[in-house]
Amino acid sequence: MTTLVNKANLSGADNRPPMLEKYMYDSWKSRMELYMMNRQHGRMILESVENGPFIWPSIKENRVTRPKKYSELSATEVIQVDYDIKATNIILQGLPPEVYALERKCKLYDEFDKFAYKKGETLRDFYLRFSLLLNDMNIYNMKLEQFQVNTKFLNTLPPEWSKFVTDVNLVRDLHTTNIDQLYAYLGQHEFHANEVHLMHERNSNPLALVATHQMT
């Protein structure tokens with residue numbers, strides 16, 4: 001008859017948590033539960049997984065509500081937080097590298113989707129930041145259509161570039177052009193784009209506009 005200890009040993013409790021294998025989640029879940037139960041205070045660790053992470057409490061201080069500091073938690077709350085950490089570490093040790101790669105891919109897709117121009121940065125800064133993001137995506141073999149990449153690059157530029165973006169769309173095939181070529185083309189017009197930006201700033205600032213007229 002297989003004892004609980006034997007089952008725990010089979011689950012990998014002697015060394016490290018059992019590793020999750022593709023299409024074997026139910027088996028992994030059972031072995032992981034046995035592994036946790038074989039740890040010191042295993043029932044508390046397993047309950048942390050089953051009940052979900054500790055909801056961090058807040059306190060009101062000087063009419064402002066803020067999260068409690070760790071030192072302000074009660075003894076019971078400290079125990080819950082500590083076992084949450086232990087349970088999380090055990091689960092993370094049992095996940096294969098491809099799971100982390102998948103998480104990284106999701107983050108990179110999200111970064112690409114939310115990629116935006118930062119106020120005050122030059123065209124070169126913008127181009128290098130976008131190129132680094134694409135390089136990270138290439139490391140994980142994340143394929144994007146060239147048209148999608150070029151469209152994202154052009155449409156994320158600030159308003160002062162709108163005329164030159166329109167020109168690019170007219171003279172370039174966005175299905176075959178790469179962003180290095182787009183950067184080289186737009187770089188020829190950066191001086192004029194900066195002039196447009198300054199003009200917009202003056203027009204949006206009445207005091208600056210009056211000062212400009214007075215100087216004229």
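Is phenylalanine 126 buried or exposed, and at what relative accessibility? In this predicted model, phenylalanine 126 has a relative accessibility of 0% and therefore counts as buried. That residue offers a convenient entry to the aromatic contacts, from which the account passes to the charged side chains.

The structure as a whole holds nine aromatic pairs. In one of them, the ring centres of phenylalanine 54 and tryptophan 56 are 5.9 Å apart and the planes meet at 65°, so this pair is edge-to-face. The two partners fall into separate accessibility classes: phenylalanine 54 is buried, with a relative accessible area of 18%, whereas tryptophan 56, at 36% relative accessibility, is partly exposed. Another pair brings together phenylalanine 126 and phenylalanine 153, with ring centres 5.2 Å apart; because the planes stand at 40°, this pair is tilted. Here the partners come from distant parts of the chain, phenylalanine 126 from helix α6 (residues 123-139) and phenylalanine 153 from helix α7 (residues 146-155), with their positions 27 residues apart. Phenylalanine 153 is buried at 0% relative accessibility, and phenylalanine 126 is likewise buried at 0%.

The pair between helices α6 and α7 also has a place in a wider arrangement. Ring pairs connect Phe126 and Phe153 with Phe112, Phe115, Tyr117 and Phe130, and these residues form a cluster. An aromatic ring can also face a charged group, as tyrosine 35 shows: the charged end of arginine 39 is placed over its ring, 4.5 Å from the ring centre.

Attention now turns to pairs of opposite charge. A search of the whole structure finds 10 salt bridges. One of them joins glutamate 33 to lysine 29, with the closest N and O atoms 2.9 Å apart. Both residues belong to helix α2 (residues 25-37), and because they are four residues apart there, about one helical turn separates them. Glutamate 33 is partly exposed, at 27% relative accessibility, and lysine 29 is also partly exposed, at 38%.

A comparable spacing along a helix occurs in helix α5 (residues 97-114), where lysine 107 and glutamate 103 lie four residues apart, about one turn of the helix. Their side chains meet in a salt bridge with an N to O distance of 3.8 Å. Lysine 107 has a relative accessible area of 45% and is partly exposed; glutamate 103, at 42%, is partly exposed as well.

Which parts of the structure does the salt bridge between arginine 104 and aspartate 136 tie together? The closest N and O atoms of arginine 104 and aspartate 136 are 3.8 Å apart. Arginine 104 lies in helix α5 and aspartate 136 in helix α6, so the pair ties together parts that are 32 residues apart in sequence. Arginine 104 is partly exposed, with a relative accessible area of 27%, and aspartate 136 is partly exposed, with 28%.

Salt bridges with shared partners also join Glu61, Arg66 and Glu72 into one network. Within this network, arginine 66 is located in strand β2 (residues 64-67), while glutamate 72 is found in the loop between β2 and α4 (75-93). Their accessibility classes can be set side by side: arginine 66 is buried at 18% relative accessibility, and glutamate 72 is partly exposed at 30%. The side chains of arginine 66 and glutamate 72 are joined by a polar contact of 2.8 Å.

The surroundings of these two residues complete the picture. When neighbours within four places in sequence are set aside, arginine 66 is in contact with Ser58, Ile59, Glu61 and Glu72. With residues up to four places away in sequence excluded in the corresponding way, glutamate 72 touches Ile59 and Arg66. Ile59 thus appears among the contacts of arginine 66 and of glutamate 72. Finally, glutamate 72 and proline 57 are 15 residues apart along the chain, and a distance of 9.9 Å separates their C-alpha atoms.

Methods. Residues are numbered from 1 along each chain as its sequence is written. This is a predicted model: local features need pLDDT of at least 70, side-chain atom pairs count only at pLDDT 80 or more; totals for chains, interfaces and linings use all residues. Side-chain values use heavy atoms; hydrogens and water are left out. Rings of Phe, Tyr and Trp (its six-membered ring) pair if their centres lie within 6.5 Å; planes under 30 degrees apart count as stacked, over 60 as edge-to-face and the rest as tilted. Buried means under 20% relative accessible area, exposed over 50%, partly exposed in between (1.4 Å probe, protein chains only). Helices (H or I, at least four residues) and strands (E, at least two) are DSSP runs, numbered from the N terminus. A charge sits over a ring if NZ of Lys or CZ of Arg is within 6 Å of the ring centre and within 35 degrees of the ring normal. A polar contact is a pair of N or O atoms within 3.5 Å; within protein, one must be able to donate a hydrogen and the other to accept it, and residues adjacent in sequence count only if both atoms are side-chain atoms. Contact means heavy atoms within 4.5 Å. A salt bridge is a side-chain nitrogen of Lys or Arg within 4 Å of a carboxyl oxygen of Asp or Glu.
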